[in-house]
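Subject: Structure handover

Hello,

Here is the structure I promised to pass on. Please open it next to this email. My notes follow below it.

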Amino acid sequence: MFENRKWGHGTRGNMEAQFREGPLVHSSFATGPRQYDGTFYEFRTYYFKPSKMNEFLENLKKNIHLRTAHSELVGSWSVEFGGKMNKVFHIWKYDNFAHRTEVRKALAKNKDWQQFLIPNLALIDEQEFEITYLVPWCKLEKPAKEGVYELVIFQMKPGGPALWGDAFRRALNAHVDLGYSKLVGVFHTEYGALNRVHVLWWNESADSRAAGRHQSHEDPRVVAAVRESVNYLVSQQNMLLLPTSFSPLK
């Protein structure tokens with residue numbers, strides 16, 4: 001799953017380095033994500049009016065083919081635990097920003113999609129969008145069977161991944177290598193709150209996730225890796241996600 005290549009400094013980081021004395025610091029993350037292509041992932045979070053979430057999801061299920069004809073839906077989930085209620089989370093994949101612009105224009109001209117969208121917008125209370133990159137040392141994985149997902153949002157200290165990236169990666173590797181959970185993807189925010197990392201995990205059930213978490217807390221190898229990483233942590237939020245009926249990731 002993991003590749004032995006470094007996520008070096010982006011263009012902005014190189015320019016800044018020219019004005020600093022001392023050696024250039026390298027990390028498995030970048031001050032800004034370096035991409036080998038333009039692919040990015042849009043995280044969309046929807047907050048619904050009470051009792052309206054299921055109505056929206058049923059209507060979307062009937063029309064989702066109109067949307068996925070233009071770009072790939074990686075996954076769709078409702079939030080079971082963690083944060084506000086009546087919350088839905090989507091991940092959309094785009095080839096580049098021009099691709100996203102083309103998709104938005106095409107959907108605006110699609111009468112069938114607009115007939116679904118316009119009346120259903122009234123069911124939504126609030127929306128949040130973030131643009132993220134999948135980190136180069138992690139491939140997006142698709143679990144072999146159905147289960148539950150956990151999205152963990154880490155807000156790291158200012159200074160960028162050049163400061164905390166290596167320690168963060170070691171903490172993740174400790175969980176993955178020892179088999180406590182299945183890693184689906186690691187995403188670094190480009191537009192949204194900076195120094196934020198989203199980690200998507202898969203487990204067979206909420207109970208298997210709890211069991212693995214308890215075991216990892218007693219494993220000295222995990223404890224040592226996490227202890228180093230938390231020195232750079234500002235906050236952390238965990239959400240248990242349930243795939244919607246039309247989610248590609250089950």
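Start with Asn63. At 18% relative accessibility, Asn63 counts as buried, because the cut-off for buried is under 20%. Asn63 sits in helix 2, which covers residues 53–68. Beyond its neighbours within four places in sequence, Asn63 is in contact with Trp113 and Phe116. Keep in mind throughout that this is a predicted model.

Now the overall picture. The chain has 250 residues, and 46% of them count as buried. Its secondary structure comes to seven helices and eight strands. Among contacts with a separation of 6 or more, 80% are between residues 24 or more positions apart. The accessible surface of the chain is about 13000 Å². Carbon and sulfur atoms hold 51% of that surface.

Next, Phe43. Is Phe43 buried or exposed? Phe43 counts as buried, at 2% relative accessibility. This residue belongs to strand 1. Its C-alpha atom is 6.3 Å from that of Ile131, although the two residues are 88 apart along the chain. Outside its neighbours within four places in sequence, Phe43 touches several residues, including Phe89, His90, Ile91, Phe187 and His198. Glu128, Phe129, Glu130 and Thr132 are also among its contacts.

Strand pairing comes next. Strand 1 (residues 40–48) runs antiparallel to strand 4 (residues 124–134), and eight bridges join them. Within that pair, Tyr41 stands opposite Thr132 of strand 4. Strand 4 also runs antiparallel to strand 6, with four bridges between them. Here Thr132 has Thr189 of strand 6 as its bridge partner. Thr132 is thus worth selecting in your viewer: Tyr41 stands opposite it, and Thr189 is its bridge partner in strand 6.

Strand 6 (residues 182–191) then pairs with strand 7 in the antiparallel sense, over six bridges. His188 stands opposite Val197 in strand 7. The two strands form a hairpin with four residues between them. Look at Gly192 in that turn: its phi is positive, about 135°.

Strand 7 has a further partner. Strand 5 (residues 148–156) pairs with strand 7 in the antiparallel sense over eight bridges. Val152 has Val199 of strand 7 as its bridge partner. Why is strand 7 largely enclosed by the rest of the structure? Strand 7 spans residues 196–203, and seven of its eight residues are buried, so the rest of the structure largely encloses it.

Last, the largest pocket. Its volume is about 540 Å³. The lining has 25 residues. Nearest the centre of this pocket lie Phe154, His175, Arg213, Val226 and Gln236.

Which elements supply at least two residues each to the lining?

- Strand 5 and strand 7
- Helix 5 (161–177)
- Helix 6 (206–217) and helix 7 (220–229)
- Strand 8 (233–243)

Helix 6 gives the largest share of the lining, five residues. By class, the lining has 13 nonpolar, nine polar and three charged residues.

Two elements tie these notes together. Strand 5 and strand 7 pair over eight bridges, and each also supplies at least two residues of the pocket lining.

Best wishes

Notes: Residues are numbered from 1 along each chain as its sequence is written. This is a predicted model: local features need pLDDT of at least 70, side-chain atom pairs count only at pLDDT 80 or more; totals for chains, interfaces and linings use all residues. Side-chain values use heavy atoms; hydrogens and water are left out. Buried means under 20% relative accessible area, exposed over 50%, partly exposed in between (1.4 Å probe, protein chains only). Two strands pair if DSSP finds at least two bridges between them. Contact means heavy atoms within 4.5 Å. Accessible areas come from the Shrake-Rupley method with a 1.4 Å probe; for residues, only the protein chains shown count as cover. On a 1 Å grid over the protein atoms alone, a cavity is a set of points where a 1.4 Å probe fits but cannot get out, and a pocket is an open set with protein on both sides within 12 Å along at least five of seven lines; lining residues have an atom within 4 Å of a point. Grid points are joined across faces, edges and corners, and a volume is the space filled by probe spheres set on the points. Ala, Val, Leu, Ile, Met, Phe, Trp, Tyr, Cys and Pro count as nonpolar, Asp, Glu, Lys and Arg as charged, and the others, Gly among them, as polar.
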